[in-house]
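Colleague: Please put the sequence and the model up on the screen, and then I shall put my questions to you one at a time.

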Amino acid sequence: MKTVVITGSARGFGLEMMKEFRKYNFNCVLCDINDEELKNGYNEVININGNGKVLSFVMDVTKKEDVIKLINNTLNEVNSIDIWINNAGVNQADKYFWELDENSINKLIDIDLKGTMICSNSIIPYMLKQNSGAIYNVEGYGSNDAKMPKLTLYGTAKRGLTYFTESLAKEVDNTNIIVGKITPGIMLTNFVKTSLGDGEKIIMSEKNKKIYNILGDYPETIAKFIVPKVINNNKNNVKFVWLTNFKAFTRFIGAIFKKRDIFK
Ligand SMILES: NC(=O)c1ccc[n+]([C@@H]2O[C@H](COP(=O)([O-])OP(=O)(O)OC[C@H]3O[C@@H](n4cnc5c(N)ncnc54)[C@H](O)[C@@H]3O)[C@@H](O)[C@H]2O)c1
C-alpha cells in the first residue's frame, strides 16, 4: 500500500486532495501547523471509505526538526513514503509591498518558499535510499511570471517556488525520484479570506469577487481532477494544470451568457 504526505492538509486544497487519495486506498498522512483544523481534517478523511492508514501530525514546514520528526513518525507506521505534496502556503495581506511589515515578509517567504525547500531537502535523501518517490509543489499566482499590485510578496515566493521545482527536477533527473508541479488555479478556500494563514482578514473587492465567480472553483473539484493524474504519473518535471488558458477563455465567454455565484 502506498503512502502520501501532504503538507497543510488540515483544510482547503490539501485536505481535499487527501480525501481523494483515501478513495484510492493510500495511507494518508495529514500534517499542518493548525492543531484544531487538523483534528477536523483527520475526521473528514477517516470517514471516507478506504483501506489505508490515516495519520496526522502537527508540524511547521519552516522547521527542519519538525519535518524530520514527521518523516520518522510516518515511517514508524508505514513502509514507505511514495508521494509528498508541498501544499502548505499562505496568502499576503491586501497591501502594497511597502506597507507590509518585516514579520509578514519573513513569514510568507518562510512558509511559501523556504517551507517547500526544507521539506524537499529532508525527504529527498530518504527517497534516494528508498530508490523511489515523487514530490509535487503547489504553484500559485506569480508562478507563471504574472504580476499584479498587492501580490508582489506572494507572487515572488511562488515564482521562486517554480524556479526551485524546475531546477530540482533537473537535479533528480538521473535518479528514480520525480519532481513536478501542481497548478490549481483559483479556489474558494480560507486562503482568500485570511492573510498569513490565520492572520489579518482579507476583504475581497467587488472586482476580485467577479473574477472568482468566473474563474474560481471549489478545492474539491480541482482535487478530483489533479489526484488521479498524480497517482498515474511516472514522469519527471511534469505540471498538472486545472485552469488552462483555454478553460479561462471559455469561462469568460460563458460569463456573458450565464452568471455563476460560487460564494453562495
Ligand atoms: N486558494 C487559492 O485561490 C489558491 C490558488 C493558487 C494556489 N494556491 C495554493 O494552494 C495551497 C493551499 O492553499 P489553500 O487555498 O488550500 O489555503 P488554506 O489556507 O485553506 O490551506 C493552507 C493550509 O496550510 C497550513 N499551513 C500554513 N502555514 C503552515 C506551516 N508553517 N506549516 C504547516 N502548515 C501550514 C494552514 O494551516 C492551512 O491548513 C497554497 O500553497 C496556496 O498558495 C491557492
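Colleague: Which element gives the largest share of the shell around the ligand?
Modeller: This is a predicted model, in which local features need pLDDT of at least 70 and side-chain atom pairs count only at pLDDT 80 or more, whereas totals for chains, interfaces and linings use all residues. Residues are numbered from 1 along each chain as its sequence is written. Three elements, α1 (12–23), α4 (102–130) and β7 (186–187), each supply at least two residues of the shell, where helices (H or I, at least four residues) and strands (E, at least two) are DSSP runs numbered from the N terminus. The largest share, three residues, comes from α1.

Colleague: Which of the 31 residues around the ligand come nearest?
Modeller: A residue is counted as near the ligand if its C-beta atom, placed from the backbone, lies within 6 Å of it. Of the 31 residues around the ligand, those that come nearest are G8, G12, G89, T189 and F191.

Colleague: How many strands form the open sheet, and in what order?
Modeller: Two strands pair if DSSP finds at least two bridges between them, and here seven strands form an open sheet with parallel pairing, in the order β3-β2-β1-β4-β5-β6-β9. Its edges are β3 (54–58) and β9 (239–241), each of which pairs on one side only. Neighbouring strands are turned by 15 degrees against each other on average, direction ignored. To repeat the order of the seven strands, it is β3-β2-β1-β4-β5-β6-β9.

Colleague: What is the bridge partner of V4 in β2?
Modeller: Strand β1 (residues 3–7) and strand β2 (residues 27–32) pair in the parallel sense over five bridges. Within β2, the bridge partner of V4 is C28.

Colleague: What angle does the direction of α1 make with that of β1?
Modeller: Helix α1 packs on the sheet and touches β1, β2 and β4 (83–86), two residues being in contact if their C-beta atoms, placed from the backbone, lie within 7 Å. Axes are lines fitted to C-alpha atoms, for helices over the stretch in contact, and angles run from 0 to 180 degrees between N-to-C directions. On that scale, the direction of α1 makes with that of β1 an angle of about 170 degrees.

Colleague: How many of the seven residues of strand β6 are buried?
Modeller: Strand β6 (residues 177–183) is joined to β5 (residues 133–138) by six bridges and to β9 by three, in both cases running parallel. A residue is buried if 20 or more other C-beta atoms lie within 10 Å of its own, exposed if 12 or fewer and partly exposed in between, with C-beta atoms placed from the backbone. Strand β6 is largely enclosed by the rest of the structure because, of its seven residues, the number buried is five.

Colleague: How many other C-beta atoms lie within 10 Å of T62?
Modeller: T62 is found in the loop between β3 and α3, and its C-alpha atom is separated by 5.8 Å from that of I111, 49 residues apart along the chain. Leaving aside neighbours within four places in sequence, T62 is in contact with D110, I111, K114, G115 and I118. T62 is buried, and the number of other C-beta atoms within 10 Å is 20.

Colleague: What is the phi of N131, which is not a glycine?
Modeller: N131 has its place in the loop between α4 and β5 and is exposed, with 9 other C-beta atoms within 10 Å. Although N131 is not a glycine, its phi is positive, at about 65 degrees.
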